Amino acid sequence: MHKYERIIYWSEDDNCFIVEVPELAGCKADGATAADALQNVEVVISEWIDTAKAIGRDIPQPKGRLLFA
């Protein structure tokens, strides 16, 4: 499990749970349940990191709980 902060919420527009990872720009996933969304975001975080490595982008170190979230 990655150690990046996650923000989870219900989206009426999408009719599903959304999980965002604020430290990784654009990194988010969805799911029919909160558990599904959290499981899906683990895959997306891994893919985000793999893509960042492939294109030479810096990968931020997890900071844990953010003050502005």
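This is a short selection-by-selection tour of a predicted model.

**Stop 1: the sheet**

Start by selecting the strands S1 (7-11), S2 (16-20) and S3 (28-31). Together they form an open sheet of three strands in the order S1-S2-S3, and the pairing is antiparallel. S1 and S3 are the edge strands, each pairing on one side only. If you look along the sheet, the twist averages 25 degrees from one strand to the next.

**Stop 2: the S1-S2 pair**

Keep S1 and S2 on screen and hide S3 for a moment. How many bridges join S1 to S2? Five bridges join these antiparallel strands. Two of the pairs make handy landmarks. Pick isoleucine 8 and you will find valine 19 as its bridge partner in S2. Then pick serine 11, whose bridge partner in S2 is cysteine 16.

Stay on serine 11, which belongs to strand S1. Is serine 11 buried or exposed? Its relative accessibility is 9%, so serine 11 counts as buried, the cut-off being under 20%. Show its side chain together with that of aspartate 14: the two make a polar contact at 3.0 Å. Now look further off along the chain. Setting aside neighbours within four places in sequence, serine 11 is in contact with Cys16 and Ile18.

**Stop 3: the turn of the hairpin**

Next, move along to the loop between S1 and S2 and select asparagine 15. The hairpin of S1 and S2 has four residues between the strands. Check the backbone here: asparagine 15 has a positive phi of about 55 degrees, although it is not a glycine. Turn on a surface as well. Asparagine 15 has a relative accessible area of 56%, so it is exposed, since the exposed class begins over 50%.

**Stop 4: the S2-S3 pair**

Bring S3 back. S2 and S3 also pair in the antiparallel sense, here over four bridges. You can walk along the pairing one residue at a time:

- Isoleucine 18 stands opposite aspartate 30 in S3.
- Valine 19 stands opposite alanine 29 in S3.
- Glutamate 20 stands opposite lysine 28 in S3.

Valine 19 is worth a second click: it is the bridge partner of isoleucine 8 and also stands opposite alanine 29.

Now colour S3 by face. In a regular strand the side chains alternate between the two faces of the sheet. Which residues of S3 are on its covered face, and which on its uncovered one? Ala29 and Gly31 make up the covered face, while Lys28 and Asp30 make up the uncovered one.

**Stop 5: the helix over the sheet**

Select helix H1, residues 34-55. H1 lies across S1, S2 and S3, and runs at about 145 degrees to S3. A quick distance check is easy here: at 1.5 Å a residue, its 22 residues should span 32 Å, and the end C-alpha atoms are 31 Å apart, which agrees.

Now show the side chains of Ala37, Val41, Glu42, Ile45, Trp48, Ile49 and Ala52, which are the buried residues to look for in H1. They cover an arc of only 150 degrees around the axis, and therefore sit on the same side of H1. Bring the sheet back into view, because what covers these buried residues includes S1, S2 and S3.

Rotate to the other side of H1, where Gln39 and Ala54 are exposed. Glutamine 39 has a relative accessible area of 56%, which is why it counts as exposed. For a distance label, join the C-alpha atoms of glutamine 39 and glutamine 61: they are 22 residues apart along the chain and separated by 21 Å.

Alanine 35 is another residue of H1 to click on. Its relative accessibility is 54%, so alanine 35 counts as exposed. Measure from its C-alpha atom to that of isoleucine 7, and you should read 13 Å for a pair 28 residues apart along the chain.

**Last stop: leaving the helix**

Finish by selecting glycine 56, just after H1. Its phi is positive, at about 80 degrees. You can set it beside asparagine 15 from the hairpin, which takes a positive phi near 55 degrees.

Terms used:
Residues are numbered from 1 along each chain as its sequence is written. This is a predicted model: local features need pLDDT of at least 70, side-chain atom pairs count only at pLDDT 80 or more; totals for chains, interfaces and linings use all residues. Side-chain values use heavy atoms; hydrogens and water are left out. Helices (H or I, at least four residues) and strands (E, at least two) are DSSP runs, numbered from the N terminus. The expected span of a helix is 1.5 Å times one less than its number of residues. Buried means under 20% relative accessible area, exposed over 50%, partly exposed in between (1.4 Å probe, protein chains only). The arc is that of the directions from the helix axis to the C-beta atoms. Contact means heavy atoms within 4.5 Å. A polar contact is a pair of N or O atoms within 3.5 Å; within protein, one must be able to donate a hydrogen and the other to accept it, and residues adjacent in sequence count only if both atoms are side-chain atoms. Two strands pair if DSSP finds at least two bridges between them. Axes are lines fitted to C-alpha atoms, for helices over the stretch in contact, and angles run from 0 to 180 degrees between N-to-C directions.
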